[in-house]
Amino acid sequence: MVKRQVPRPAELLELMKFKKLDLDPKHRRLSAALTIDDLRKVAKRRTPAAAFDYTDGAAEGEISMQRSVEAFEDIEFHPAILHDVSHVDATTQILGGSSAQPFGIAPTGFTRLMQTEGETAGAGAAGAAGIPFTLSTLGTTSIEDVKAANPLGRNWFQLYVMRQREVSYGLVERAAAAGFDTLFFTVDTPVGGARLRDTRNGFSIPPQLSVGTVLDALPRPWWWWDFLTTAKLEFASLSSTGGTVGELIDSAMDPTISFDDLAEIRAMWPGKLAVKGVQTLEDAKRLADLGVDAIVLSNHGGRQLDRAPVPFHLLPQVAREVGSDLEIILDTGIRSGADIVAAIALGADFTLIGRAYLYGLMAGGREGVDRTIEILSDEVERTMKLLQVPTLKDLTPEHVTQLSRYTRIGEGARIR
């Protein structure tokens, strides 16, 4: 029989610890976000629909994006036992330099439309965390201002080959002069993808007011205040704007881009060169033969060709075939540190985060990006400890099984 007693007030006080009141609403909401999905929910509440959907959406039916996320969900980890993981080391070497984590910030376009601090927040947070930051050709902060925001860290530049070649060449020269150490030559955007959310929202550069946008702005006055009271958007490459994002991309990009352009840019660029947007083993092999420093397996976050290959599914074969000849970077679909660990285990040398970074930015500016990096870093470390691997080099394909809900049948696929 349980012996009962009347609790004494002193004992009750020991059991009940009141949480200290946090008077900073930004700190409060960011601290409460425990996952990238939590940050996404905060971002959706705080950002007008058109800007949020530009980040959150993808092309056409958004099938590529959905499959890329599902690919990471459909894995099985195989932990070892009885290994000392009192300390794990997540640092790595990539493209001739170090990174404190096996991930960096991917290039994103029109970033200051998501939240006014834009690339400055991303570059500053990356520098503080010791990871690389990548500026997009369609970024809304200049090359020089990104360098100023991250003066001692690693800055990379993502290049589109424009119809006006002199524009692209000028960007290459500016990035080199500013000390950017790596160039991402992007090959998956001869034209813009059909991003239907943007079309339905009437999303344009600069934002156009309508009855819908005004009504959507009413519960989010802080976003419009920030947008209207800060510096005019500056694009790394576009001298004039006006129209939907798809129209701007189509007017700027050149569908005649070829391997000759790659050779031309390579001759101009003094640093490391990676080709971004590789989606087949055959192209990976050809680029390895050409001696590029790295490839980025990417379907552009599902924002270009819908039903494109899932980079995470492609990774093991590419790693086996060309992993000894060049470095392999993976993006698209990453939503957690466990996703990052799985990619490293299956042969990636590094990963990039795009939407995860932007969710943090929309949720809280620079502090939100810091929180994104903190969440992912904690998840990387915890996953490594639970797998009982003390360093990234200890991760092998034996630690991960890729399960798949899709099985190829000839040229088609069916759900398993």
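**Close-ups of cores and salt bridges**

At 29% relative accessibility, Asp-370 counts as partly exposed in this predicted model.

**View 1. A salt bridge inside helix H17 joins Arg-366 and Asp-370.** Here the closest N and O atoms of Arg-366 and Asp-370 sit 3.0 Å apart. The two residues are four places apart in the helix, about one turn. Arg-366, like its partner, is partly exposed, at 28% relative accessible area.

**View 2. The largest nonpolar core has 99 residues.** Take a look at Phe-157, Phe-180 and Ile-295, which are among the residues with the most contacts inside this core. Helix H17 (residues 355–387) supplies the largest share of the core, 14 residues. Elsewhere, a second, separate core of eleven residues includes Trp-156 and Leu-352.

**View 3. Leu-297 and its contacts.** Beyond its neighbours within four places in sequence, Leu-297 touches residues including Val-278, Pro-311, Ile-328 and Asp-331.

**View 4. Arg-197 and Glu-62 meet in a salt bridge.** Their N-to-O distance is 2.9 Å. This pair links distant parts of the chain, 135 residues apart: Arg-197 belongs to helix H9 (residues 196–201), while Glu-62 lies in the loop between helices H4 and H5. Glu-62 is buried at 15% relative accessibility, whereas Arg-197 is partly exposed at 21%. Both belong to a salt-bridge network with Arg-40, Asp-53 and Asp-56.

**View 5. Lys-41 pairs with Asp-37 in a salt bridge.** The closest N and O atoms are 3.5 Å apart. Because Lys-41 and Asp-37 are four residues apart in helix H3 (residues 36–46), about one helical turn separates them. Lys-41 is partly exposed at 46%, and Asp-37 is partly exposed at 39%.

Definitions and conventions. Residues numbered from 1 in each chain as written. Predicted model: local features only at pLDDT ≥ 70, side-chain atom pairs only at ≥ 80, totals over all residues. Heavy atoms only, no water. Core = buried A, V, L, I, M, F, W, Y, C linked by side-chain atoms within 4.5 Å. Buried < 20%, exposed > 50% of the residue type's maximum accessible area, 1.4 Å probe, protein only. Contact = heavy atoms within 4.5 Å. Salt bridge = Lys/Arg side-chain N within 4 Å of Asp/Glu carboxyl O.
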